[in-house]
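Morning, everyone. I have one structure to show, and I want to walk through its ligand site. Here it is.

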Amino acid sequence: MNAPLPPEVLKQHLIDPEICIRCNTCEETCPIDAITHDGTNYVVDPAICNGCMACVPPCPTGSIDNWRLVLKTEAYSVEEQFGWDELPGEKALPDTVSTDAASQGEEAAFQASSDGEDTDAASAPAAFSPSGATIPPWSAAHPYVNLYGHKTPAVATVVGNYRVTDDDTDSDIHHIVLDFGNVPFPVLEGQSIGILPPGTDAQGRPHHARQYSLASPRDGERAGYNNLSLTVKRVTEDHQGQPARGICSNYLCDLAKNDTVQVIGPFGNTFLMPNHAQANLMMICTGTGSAPMRAMTERYRRRIARGTNGRLMLFFGARTQRELPYFGPLMKLPRDFIDINLALSRDAEQPRRYVQDLIRERAADVLTLLQDTNTCIYVCGLKGMETGVLDALRDVVVQSGQDWTILHDVLRREGRLHFETY
Ligand code: NAP
């Protein structure tokens with residue numbers, strides 16, 4: 001049984017800055033805006049957080065799941081947390097505090113800082129996510145996560161670095177292959193890794209890790225080898241279009257064969273593909289968001305001979321065909337293996353099209369897949385596409401006279417609708 005905490009004690013929610021990969025998932029998920037960030041750390045405001053746990057399952061690293069028993073009057077402020085390089089240890093509470101409850105530490109029921117309501121975190125159901133599932137499909141393989149952290153990164157060797165967009169375009173996207181030699185680094189399609197770029201930021205701190213999705217399947221970029229691949233776009237401007245040099249993307253795109261790279265992870269335990277025979281995949285991506293789609297497609301391709309694959313349907317958005325990563329290899333895939341739909345937004349020959357336009361155009365086939373309980377849907381790429389894709393899926397379902405709210409809820413609860421957008 002969990003006893004309530006003494007009224008003066010707070011089980012403070014904290015984020016481990018050493019493990020956090022600054023992916024913004026927690027800040028997006030928090031339903032009451034208790035999570036914020038500066039240029040260094042993601043932090044939880046003790047005055048707002050009510051311990052609802054919504055942010056915990058979606059966190060790819062587990063860095064979000066840290067708690068300290070503190071006196072409410074001595075809770076770590078947001079400003080203090082911004083300055084941390086590592087989490088503080090547990091502090092002993094004063095003897096005057098009843099330790100019966102406080103000594104239960106990790107198992108103590110969370111006492112909400114605002115209204116004193118108790119929530120048994122351990123038995124909380126999968127948290128509500130506004131768009132996607134917070135659990136993997138039922139047949140997904142069990143992932144390994146957090147095997148290597150900032151203090152103990154794995155070292156990988158670059159065995160390949162190729163540009164996968166046409167040379168005469170602004171989109172400089174690279175396919176980078178990293179080999180782990182005899183260092184165990186087990187991964188699944190849909191997982192990501194963190195890269196530690198060398199050097200320090202303006203404050204002299206080591207750069208924090210940047211997260212990249214795997215573009216290769218679980219058995220390696222080259223089947224049977226201990227390697228994996230990433231899809232990395234060289235960042236040359238900021239969100240306002242001003243010239244800016246992305247620290248990690250430029251580091252990665254400039255790597256030469258035999259260079260070594262520090263890697264942490266793997267991360268992610270929900271954006272995972274189903275393993276059961278006949279599972280269908282609907283993959284919706286833009287630009288470098290194609291990385292996990294390539295990984296899953298290749299996994300399916302390698303088992304064509306088993307004859308157990310379900311249907312693959314891909315919606316892929318890029319500015320032009322020449323800026324669409326992996327265009328050549330993609331076009332070589334048999335049409336009866338994968339149903340490919342390319343949405344080009346800046347093609348001189350045709351009007352602008354986004355992936356959501358194509359979803360509407362292919363409504364009948366999309367609906368057939370949506371109605372099949374073997375179908376899992378993956379959306380990866382630009383943040384802006386999330387709403388557009390959801391609206392398009394809703395329109396397809398509603399036009400057929402069905403209730404999207406119910407289907408959307410089922411897809412989330414069954415771990416069949418996944419988003420990874422930035
Ligand atoms: P991009 O080239 O900027 O855009 C790809 C396409 O998406 C373009 O045709 C673009 O059209 C279109 N688009 C823009 N807004 C859209 C919207 N609201 N709905 C649908 N389509 C829209 O893409 P990118 O630079 O490669 O960026 C891809 C994103 O994926 C990045 O945010 C990246 O962080 C993320 N990501 C990367 C990885 C990885 O491992 N590398 C993994 C996961 C996610 P217009 O620009 O012509 O309007």
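I'll start with the ground rules, then go to the domains, the contacts and the shell.

This is a predicted model: local features need pLDDT of at least 70, side-chain atom pairs count only at pLDDT 80 or more, and totals for chains, interfaces and linings use all residues. Residues are numbered from 1 along each chain as its sequence is written, and side-chain values use heavy atoms, with hydrogens and water left out.

Domains next. The assignment, which is automatic or from a database, gives domain 1 (9-119), domain 2 (154-267) and domain 3 (280-421). The C-alpha centres of domain 1 and domain 3 are 37 Å apart.

Now the ligand. Around it sit 21 residues, where near means a heavy atom within 4 Å. T231, K233, S345, R346 and Y354 come nearest.

Which polar atoms meet the ligand? I use pairs of N or O atoms within 3.5 Å. S345 puts a polar side-chain atom 2.6 Å from a ligand oxygen. For S213, a polar backbone atom is 2.9 Å from a ligand oxygen. Q356 has a side-chain N or O atom 3.1 Å from a ligand nitrogen.

How much of the ligand is covered? The protein covers 82% of the 930 Å² of accessible area that the ligand has on its own, by Shrake-Rupley with a 1.4 Å probe.

Now the shell. Two or more residues each come from β10 (210-213), β11 (227-233), β14 (312-318) and β16 (375-381). Strands here are DSSP E runs of at least two residues, numbered from the N terminus. Domain 2 and domain 3 each give at least three residues to the shell.

How values were computed:
Polar contact = N/O pair within 3.5 Å; in protein donor to acceptor, adjacent residues only side chain to side chain. Helix = DSSP H or I, 4+ residues; strand = E, 2+ residues; numbered from the N terminus.
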